[in-house]
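Student: Please take me slowly through one part of this structure, starting from a single loop residue and working outward to whatever surrounds that part of the chain. I would like one connected explanation rather than a list.

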Amino acid sequence: MANRANHRVLLGCGLLCAAAILCAEVIVPCAAQAPAASPAASGPATPGPSLGSSSGPSIQSPVAASNFPIAHDARLAGDVKQTRFILDLDKPIQFRAFALADPYRVVVDIPQVSFKLAAGTGTAGRGLVKAFRYGLVMPGGSRIVFDLTGPAKIGKSYVLEAANGQPPRLVLELEEVDRTAFVQLLAPENRPELRPAIADANAAAGPAEASASAKSAQPPDARPLIVIDPGHGGIDNGTQASGEMEKNLVLGFGLALRDRIEKSGKYRVVMTRTDDTFIPLNDRVKVARTQSAALFVSIHADALPRREGDAQGATIYTLSNKASDAEAERLAEAENKSDAIGGVNLTDEPTEVADILIDLAQRETKTFSNRFARLLMGEMKTTVRMHKHPLKSAGFRVLKAPDVPSVLVELGYVSNKGDLQLLVSENWRNKTVGSMALAIDAFFAKRLATAGAGK
Ligand SMILES: [Zn+2]
């Protein structure tokens, strides 16, 4: 037990240490309206190559979408020595650009923008750019992330006013440099501490219900708190097939699940996201920890790479150091890349500490996670098509809250025709949400009976 307390402190430090973000060039040209929230968002991050180079049209939050600047074209020009990126806009915007290493990326933070770009924009690279993607990273802030073919520096970058029949444009010029020069550009004095910006923004935006209740003077709500975590979001689309994106499917599902369990009145529910916003993995875990959640349920949909055969059905994952099989390992690796896709830098994250936490402090939590996973499977298999091995485990970063029972549900495979039909069906969603709600009831009925407490 003493161990557990110590390691909590360690984790706390780890989260703070994850703060630094490497920032090479900061340019704020042009007049233009200041964004409501600072777009300098940067959370924790993992290095690692991106999942794919895809970036579909992004869905903007419904709030006053028409007031956001509109980006209507994006293109690359140049060669492997010098590559230029041009974004056509309907009005000038402010921006901030910086580079990240391992993998080499350039991130451009801008105010929230409605991206009305042709489908597939960014999937084909040119010159120094392998691919790029774009989307919302927080309310008020959008981001463009470039995967580079190698080290490059941001040469000139500027916003042009409309002129000579050309619309306002954001222009970014990348120049090839060697690794030494690249790393020099990331020198410590060029690393503003941007982490607090996103922490504040997330506190204000993400778990809105929770912060509101914390501020109110009313007696604390003793009902167990459940965190529902729709995977991906914003710039990170997740898996995709036939025009359906995982980030949208799981958000719809998460909201339906929230509505169902809130209706019972027995639980409080906090969502890690309620719109198409990118949330770093650590921030999702943090929501569960800071709210002292009694259960964390992450919602995803899987896909098999085209040549790797077919698979179908829902799978329930818990955390383990060693993946239960090769497929679980592949999946955890893919899901853990979310931060790299979002352009977040996590090189400072002390993963060794996190691993120790899993070994020691999490043993008790693990029992509860596994119990919930089994209850969930028991309920789901009566109504929902399950994978032939429906209970698995692997090293999912989003399940690493050491003191919150956590499971990750892959609802099915978007790469499987039958599954995809189910995933978009309201009837299927209602049935699945219903069986999850029953499992949650069973889980807490037992916990309350044995522990006599809400957690
Ligand atoms: Zn996913």
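**A loop residue and the strands around it**

Tutor: Let us begin with His-232, which is found in the loop that links β10 to β11 (240-241). Please keep in mind throughout that what you are looking at is a predicted model. The average pLDDT of the protein chain is 77, and 72% of the residues score at least 70. Residues 1-64, by contrast, have a pLDDT that stays under 50, and the same is true of residues 348-354.

The backbone of His-232 deserves a careful look, since its phi is positive, near 60°, in a residue that is not a glycine. Most residues other than glycine have a negative phi. His-232 has 29 other C-beta atoms within 10 Å, and because 20 or more are enough for a residue to count as buried, His-232 is buried.

A useful contrast is Asn-164, which belongs to the loop between β8 and β9. Asn-164 is not a glycine either, and its phi is also positive, at about 50°. However, Asn-164 has 5 C-beta neighbours inside 10 Å and therefore counts as exposed.

Now go back from His-232 to β10, the strand on one side of its loop. Strand β10 covers residues 225-230 and pairs with β14 in the parallel sense over 5 bridges, and within that pairing Val-227 has Phe-296 of β14 as its bridge partner. Strand β14 also pairs with β17 (residues 406-413), again in the parallel sense, this time over 6 bridges. Here Phe-296 stands opposite Ser-406, so to speak as a reference point for following β14 from one pairing to the other.

How many of the residues of strand β14 (residues 295-302) are buried? The count is 8 of 8, which means that β14 is largely enclosed by the rest of the structure. In a regular strand the side chains alternate between the two faces of the sheet. In β14, Leu-295, Val-297, Ile-299 and Ala-301 point one way, while Phe-296, Ser-298, His-300 and Asp-302 point the other way, and residues of both sets are buried.

Just before this strand in the numbering comes helix α6 (residues 281-290), which is largely enclosed by the rest of the structure because 8 of its 10 residues are buried. Among the buried residues of α6 are Leu-281, Val-285 and Val-287, together with Asp-283, Arg-284 and Lys-286. After α6 comes Ser-292, with a positive phi near 50°.

Finally, consider where the nonpolar residues of this part belong. In soluble globular proteins, nonpolar side chains tend to be buried together. The largest nonpolar core has 61 residues, and those with the most contacts inside it include Ile-226, Val-227, Leu-295 and Val-407, with Ala-293 and Leu-376 also on that list. Helix α10 (residues 362-383) supplies the largest share of this core, 7 residues. Leaving aside neighbours within four places in sequence, Leu-376 is in contact with Ile-316, Val-407, Met-436 and Ala-439. Contacts across long stretches of sequence are common in the whole chain too: of those between residues at least 6 apart, 81% join residues at least 24 apart.

Note on methods: Residues are numbered from 1 along each chain as its sequence is written. This is a predicted model: local features need pLDDT of at least 70, side-chain atom pairs count only at pLDDT 80 or more; totals for chains, interfaces and linings use all residues. A residue is buried if 20 or more other C-beta atoms lie within 10 Å of its own, exposed if 12 or fewer, and partly exposed in between; C-beta atoms are placed from the backbone. Helices (H or I, at least four residues) and strands (E, at least two) are DSSP runs, numbered from the N terminus. pLDDT is the predictor's confidence in each residue, from 0 to 100. Two residues are in contact if their C-beta atoms, placed from the backbone, lie within 7 Å. Two strands pair if DSSP finds at least two bridges between them. A nonpolar core is a set of buried Ala, Val, Leu, Ile, Met, Phe, Trp, Tyr and Cys residues joined through C-beta atoms within 7 Å.
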